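Me: I'm new to reading protein models, and I'd like to learn how the labels are earned. Could you take me through this one, step by step?

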Amino acid sequence: MSIILGDKEYFKGIPEIVYEGKESDNPLAFKYYDANKVVAGKSLKEHFRFAIAYWHTFCGTGGDPFGPGTKLFPWDVSNDPMQRAKNKMDAAFEFFTKIGAPYYCFHDFDLVEEADKFSDSEDRLAKITEYAVEKQAASGVKLLWGTANLFSHPRYMNGAATNPDFTVVTRAAAQIKNAIDATIRLGGENYVFWGGREGYMTLLNTDMKSELDHMARFLHLCKDYARGQGFKGNFLIEPKPMEPTKHQYDFDAATVIGFLRQYDLLDDFKLNLEVNHATLAQHTMQHEMQVAANAGALGSMDANRGDYQNGWDTDQFPMNIGELTEMMLVFLEVGGLQGGGVNFDAKTRRNSTDLEDIFLAHIGGMDAFARALLVADQILTNSDYQKLKQKRYQSFSSEQGKAFESGEMDLKALAELGRNTDDLTPSSGKQELFENIINQYI
């Protein structure tokens, strides 16, 4: 049900987006995302738990380092910051319900602009949170996760939890406490930490060990506070290797998991992985998903893609079906996400200035994910994909192979077996066959 709780309909002429099938030529309809279609035991809606990124979709006006914004949003016209925030939220919930997204995500100062004084910012956030409570109750849309923006303001130029100035660390704590409170008040199912400036530009002026110790202590304090307030969801860390800092402490999935293990945080924290961040780390997203899943930490996902000609975080909407299919193979094989969902941390291009473009982008992204999941399910169900992968490791099913895997064989025994392998012929990896299977089912 689409709702208009405010005084104005912002997306006039755009109806609720429905599934019409791949034969439809209606650009404002889903071709593959049939929310109630059951695949591998779950509906597509349950698999993905799609969420809309408040910051890109309703706050991002298209500005870049070479020029100001190009998008004049009708919800930004008031001179009163609280009225602008309410207008923006009216538009947001109208969009959520028309596109059929069950969740949304936000940073604290996406919801309402930060004031000059902390007490005023605190008051603004509390008021807009209560307005969001009303919106969620009326629409049925839920909060997938909240977070705090601890990277944009100049005070955080040297980091937040890792800042060398303790006063800044205390300000970050005050801000994040309010963001956690807002997330709990709104029934948020997760809480995300992205260390946008938790890292360094040069080791010449950096005490790395102290900064990592401080970040771990900060996360423990946040976790303990939220649990004390009754929060039962996941805490999520979002890896990114660089940009804005030269080297971020949350470089990739393996780095974050190592950090969480070292500082005894892995029981409460999982990962929120982003496609464009994975490629910036010189990984594929499927690699990052598998690394996280191996540690029981595949919590949530930010859906987007980068530009293969550009070396920065372009946050484009996901459209590469081959890439998405390989991701969905991992997704299905590891049992999906643990507690999170698929958040469209993606933005329309600077020169896509029609309000309709926001709908077209999300329709395309949701369809692309649905199509990739359908293809991946067919591959797992109807092809020899899994058998071929298992065949590569079949020698470990031998008596000696099982003894090695179970720890019942010492090095001497293992080496003795190796003394009789002069005629060893390595088996083919069959990579081209696996790639052909993917193409066959797309």
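Reply: Happy to! A cavity is a set of grid points where a 1.4 Å probe fits but cannot get out, and a lining residue has an atom within 4 Å of such a point. Please keep in mind that this is a predicted model.

Me: What makes His56 and Lys71 lining residues of the second largest cavity?

Reply: To be listed, a residue needs an atom within 4 Å of a cavity point. His56 and Lys71 are on the list, together with Thr57, Gly60, Phe73, Phe317, Ala346, Lys347, Thr348, Ile358 and His362. The helices α2 (54–59) and α12 (355–382) each supply at least two residues of this lining. About 70 Å³ of space lies inside this second largest cavity.

Me: How do you know how many residues of that lining are charged?

Reply: Asp, Glu, Lys and Arg count as charged. Lys71 and Lys347 are in the lining, and the full split is 4 nonpolar, 5 polar and 2 charged.

Me: What is known about the largest cavity, and which residues lie nearest its centre?

Reply: The lining has 20 residues, and Phe193, Trp194, Gly195, Glu198 and Met215 lie nearest the centre. Two or more lining residues come from each of β6 (190–193), α7 (208–228) and α8 (253–262). Of the elements, α7 gives the most, with 3 residues. By class, this lining has 14 nonpolar, 3 polar and 3 charged residues. The space in the largest cavity is about 250 Å³, and the count of cavities of 30 Å³ or more comes to 6.

Me: Let's turn to rings. Why is the pair of tyrosine 33 and phenylalanine 50 called edge-to-face?

Reply: Two values decide this. A pair of aromatic rings is described by the distance of the centres and the angle of the planes. For a pair, the centres must lie within 6.5 Å, and planes over 60 degrees apart count as edge-to-face. Across the whole structure, a search finds 35 aromatic pairs. In the pair of tyrosine 33 and phenylalanine 50, the centres are 5.2 Å apart and the planes stand at 70°, giving an edge-to-face pair. This pair links distant parts of the chain, 17 residues apart: tyrosine 33 is in the segment before β1 (38–39), and phenylalanine 50 is in the loop between α1 (44–48) and β3 (51–53).

Me: How do you know whether tyrosine 33 is buried or exposed?

Reply: Buried means under 20% relative accessible area. Tyrosine 33 has 3% relative accessibility, so tyrosine 33 counts as buried. Phenylalanine 50 has a relative accessible area of 1% and is therefore buried.

Me: What makes phenylalanine 93 and tyrosine 104 an edge-to-face pair?

Reply: The same two values settle the matter. The ring centres of phenylalanine 93 and tyrosine 104 are 5.3 Å apart and their planes are at 70°, so the pair is edge-to-face. Phenylalanine 93 sits in helix α3 (residues 81–99) and tyrosine 104 in strand β4 (residues 103–107), 11 residues apart. Both phenylalanine 93 and tyrosine 104 are buried. Ring pairs also place them in a cluster whose members include Tyr10, Phe11, Trp75 and Phe359.

Me: Why is lysine 86 said to sit over the ring of tyrosine 131?

Reply: For a lysine, NZ must be within 6 Å of the ring centre and within 35 degrees of the ring normal. The charged end of lysine 86 is 5.5 Å from the centre of the ring of tyrosine 131, and sits over that ring.

Me: How do you know that glutamate 9 and lysine 98 form a salt bridge?

Reply: The cut-off is 4 Å between a side-chain nitrogen of Lys or Arg and a carboxyl oxygen of Asp or Glu. Glutamate 9 and lysine 98 meet at 2.7 Å, N to O, in a salt bridge. Glutamate 9 is in the segment before β1 and lysine 98 in helix α3, so the pair ties together parts 89 residues apart in sequence. Glutamate 9 is partly exposed at 31% relative accessibility, whereas lysine 98 is buried at 3%.

Me: What links Glu9, Glu94 and Lys98 into a network?

Reply: Salt bridges link these three. The side chains of glutamate 94 and lysine 98 meet at 3.1 Å, N to O. Both lie in helix α3, 4 residues apart, about one turn of the helix.

Notes
Residues numbered from 1 in each chain as written. Predicted model: local features only at pLDDT ≥ 70, side-chain atom pairs only at ≥ 80, totals over all residues. Heavy atoms only, no water. 1 Å grid on protein atoms, 1.4 Å probe; cavity = no way out; pocket = protein on both sides within 12 Å on 5 of 7 lines; lining within 4 Å. Points joined across faces, edges and corners; volume = space filled by probe spheres on them. Phe/Tyr/Trp six-rings, centres within 6.5 Å; stacked < 30°, edge-to-face > 60°. Buried < 20%, exposed > 50% of the residue type's maximum accessible area, 1.4 Å probe, protein only.
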